[in-house]
Amino acid sequence: MNTREAAPHDTSHFSWARKGGALALRDWLAHLARSGRLATIDQPVALEHELAAIAKRLDGTKAAFFTQAGGHRVPVVSGFMSRRAWIAEALGVDETQLLARFSDAAERPLASRLVSRDEAPCQQVVHTKNIDLHALLPIPTHSEHDNGPYITAGLVIARNPRTGVQNVSINRIQVHAADRMAILLLPRHLHAFQKAAEAAGDALDVAVAIGVDPLTMLASQAISPIDCDELEIAGALHGAPLPVAQCVSNGVHVPAFAEIVIEGRILPNVREMEGPFGEFPKYYSAQEAREVIEVTAVTHRKDPIFHTIVPAEMEHLLLGAIPREATLLSHLQRSHPNVKDVHLSVGGVCRYHLWVQFEKKREGEAKNVILCAFGAHYDIKQVVVVDTDVDVHDPAEIEWAIATRFQADRDLVVIEGAQGSPLDPSTTVGQPEDAPAYLQGISAKMGLDATRPVAYASHVFTRVRIPGEDTVDLNALVEADNAAFDTYLGDGHV
Ligand SMILES: Cc1cc2nc3c(=O)[nH]c(=O)nc-3n(C[C@H](O)[C@H](O)[C@H](O)COP(=O)(O)O)c2cc1C
């Protein structure tokens with residue numbers, strides 16, 4: 001993977017986000033407001049449950065902007081990327097080009113541009129002493145049984161202790177004391193960094209950037225190699241190097257146009273209780289001892305906006321889905337160039353069920369595609385492979401392909417006892433409540449080959465079509481007022 005020095009993309013479609021070469025969440029929010037897609041709630045709203053309830057009701061229709069959340073002067077926003085079409089618009093492409101655009105950026109990241117503190121809006125105000133996160137920030141409690149306030153939309157940025165290269169991920173963070181937070185680290189890159197630092201007896205410096213633009217949010221979810229700084233993918237998505245600032249209390253670089261940054265260190269050999277917390281599968285994950293961030297500084301804009309993601313709603317699901325689809329598509333195409341498209345279904349919480357559109361040339365290939373998908377990410381639990389005449393984005397089409405092209409004794413692949421998502425509650429059945437991490441998330445994988453045979457008698461597998469069904473001009477043919485029908489009835493036909 002090469003880091004590019006120049007921006008080859010046409011960036012004219014990013015005009016909503018560009019202000020003197022800068023990129024900011026507030027510009028996207030202004031764009032949504034101008035186009036009737038932002039709802040302002042200008043009344044006192046409780047941080048505990050009420051804010052999340054309102055945002056959940058608006059999810060997928062309008063972003064919610066709360067001006068008086070929990071009596072704080074800092075407003076809260078939620079749901080500003082809760083539709084595929086909005087995300088495509090933010091990227092400046094048609095929905096059909098969404099995955100290609102993301103893959104292109106993921107494969108050709110663009111080095112970030114370090115700016116001084118004066119040029120970094122996220123450091124306009126700096127707090128390094130007597131930090132009280134609850135007093136500084138309006139941090140909501142979302143679901144009924146959540147164990148208190150959580151930061152759900154923070155980009156957690158850290159450096160690989162071995163190589164110094166940064167990594168970005170979103171992690172749920174429970175704020176359980178004025179300057180201490182517990183964080184869930186599933187076994188990906190941040191987890192590996194923390195383990196490496198801990199083995200050396202060191203704390204891991206981190207920054208949590210809250211309130212970044214949609215493209216930088218998306219970039220954080222790329223499934224990329226360990227030494228890929230996702231901020232460079234954000235740069236490629238923007239078509240220009242992302243301006244970054246060095247934290248005031250450590251060496252981590254953060255998006256300079258973020259609204260808020262919490263700086264800190266993950267302490268070695270310290271664990272504190274975190275959870276329960278309502279997660280993306282729409283179930284609670286249990287209380288467990290987790291890694292702890294000790295806060296060293298908070299910086300923010302003069303007039304910051306706090307972003308919260310309502311767990312399991314469309315903003316959460318799509319944020320994970322689109323970068324995953326893009327990277328899964330590239331991964332599958334590396335071995336199987338005839339894979340045409342993929343979709344992570346909403347019913348499969350945009351994580352577990354992958355639908356693959358494939359132009360099969362030889363018998364057996366669809367099963368290779370299934371196995372390749374299982375290896376691409378441990379979250380993938382079910383894969384359905386369909387032919388190119390099936391719309392991979394339409395659940396009814398997928399079910400139709402399974403109903404008419406799949407036979408369980410012949411076309412089913414089951415892998416027992418693989419690693420799956422530890423957040424899938426069905427993986428806990430038969431495990432003790434206090435199962436150690438190495439025994440969690442054990443899951444079976446199921447693949448369905450719902451493709452037709454390569455060679456088939458046309459009368460068997462030819463899809464019913466009516467010539468002209470897509471091209472007849474209904475506007476020219478259909479009467480607006482049914483006058484002819486009324487005349488017919490008037491003639492005493494009934
Ligand atoms: C809203 C949201 C919350 C997430 N929460 C967590 C979390 O608590 N722990 C975690 O390990 N991953 C979480 N993820 C997934 C990671 O951010 C994602 O897998 C990321 O790509 C991991 O980055 P890495 O592979 O560079 O480590 C979350 C994703 C989203 C969109």
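Student: Let's start with one residue. Where is A437 found?

Tutor: A437 sits in the loop between strand 24 and strand 25. Helices (H or I, at least four residues) and strands (E, at least two) are DSSP runs, numbered from the N terminus. Residues are numbered from 1 along each chain as its sequence is written. Keep in mind that this is a predicted model: local features need pLDDT of at least 70, side-chain atom pairs count only at pLDDT 80 or more, and totals for chains, interfaces and linings use all residues.

Student: Does A437 count as buried or exposed?

Tutor: Here's the general idea: a residue is buried if 20 or more other C-beta atoms lie within 10 Å of its own, exposed if 12 or fewer, and partly exposed in between, with C-beta atoms placed from the backbone. A437 has 11 C-beta neighbours inside 10 Å, so A437 counts as exposed. Its C-alpha atom is 36 Å from that of H300, and the two are 137 residues apart along the chain.

Student: And Q221: buried or exposed?

Tutor: Q221 is buried, because 23 other C-beta atoms lie within 10 Å. You'll find Q221 in the loop between helix 7 (214-219) and helix 8 (230-238). The C-alpha atoms of Q221 and I170 are separated by 7.5 Å, with their places 51 residues apart along the chain.

Student: Which residues does Q221 touch?

Tutor: Two residues are in contact if their C-beta atoms, placed from the backbone, lie within 7 Å. Leaving out residues up to four places away in sequence, Q221 touches L319, G320, P323 and R324.

Student: Those numbers bring me to helix 9. How many of its residues are buried?

Tutor: Helix 9 is mostly covered, with 18 of its 22 residues buried. You can check its length too: the expected span of a helix is 1.5 Å times one less than its number of residues. For the 22 residues of helix 9 that gives 32 Å, and the end C-alpha atoms are 31 Å apart, which agrees.

Student: What about helix 10, and which of its residues are buried?

Tutor: In helix 10, the buried ones are A366, V369, I370, A373, F374 and A376. They cover an arc of only 160° around the axis, so they are on the same side of helix 10. The arc is that of the directions from the helix axis to the C-beta atoms. Among the elements covering these buried residues are helix 9 (314-335), strand 21 (339-344) and strand 25 (442-449). The length works as well: the 12 residues of helix 10 (residues 365-376) should span 16 Å, and the end C-alpha atoms are 17 Å apart, which agrees.

Student: Which residues of helix 6 are buried?

Tutor: H189, L190, F193, Q194 and A197 are buried in helix 6. Down the axis of helix 6, they fall within an arc of 140°, so they line one face of the helix. Their cover includes strand 9 (154-159), strand 13 (204-210) and strand 16 (260-274). After helix 6 comes G201, with a positive phi near 80°.

Student: Which residues come nearest to the ligand?

Tutor: A residue is near a molecule or strand if its C-beta atom, placed from the backbone, lies within 6 Å of it. There are 17 residues around the ligand, and S169, R172, L186, R188 and H189 come nearest. Strand 10 (166-170), helix 6 (189-199) and helix 9 each supply at least two residues of that shell.

Student: How is the chain divided?

Tutor: Domain bounds come from an automatic or database domain assignment. Here the chain is divided into domain 1 (12-314) and domain 2 (336-460). The contact between them takes seven residues from domain 1 and seven residues from domain 2. Over C-alpha atoms, the centres of domain 1 and domain 2 are 31 Å apart.

Student: Which backbone angles should I look at?

Tutor: Try the peptide bond from G275 to P276, which is cis, with omega near 0°. P276 lies in the loop between strand 16 and strand 17 (277-278). C350, a residue other than glycine, has a positive phi near 55°. It is in the loop between strand 21 and strand 22, and C350 counts as buried, with 23 C-beta neighbours inside 10 Å.
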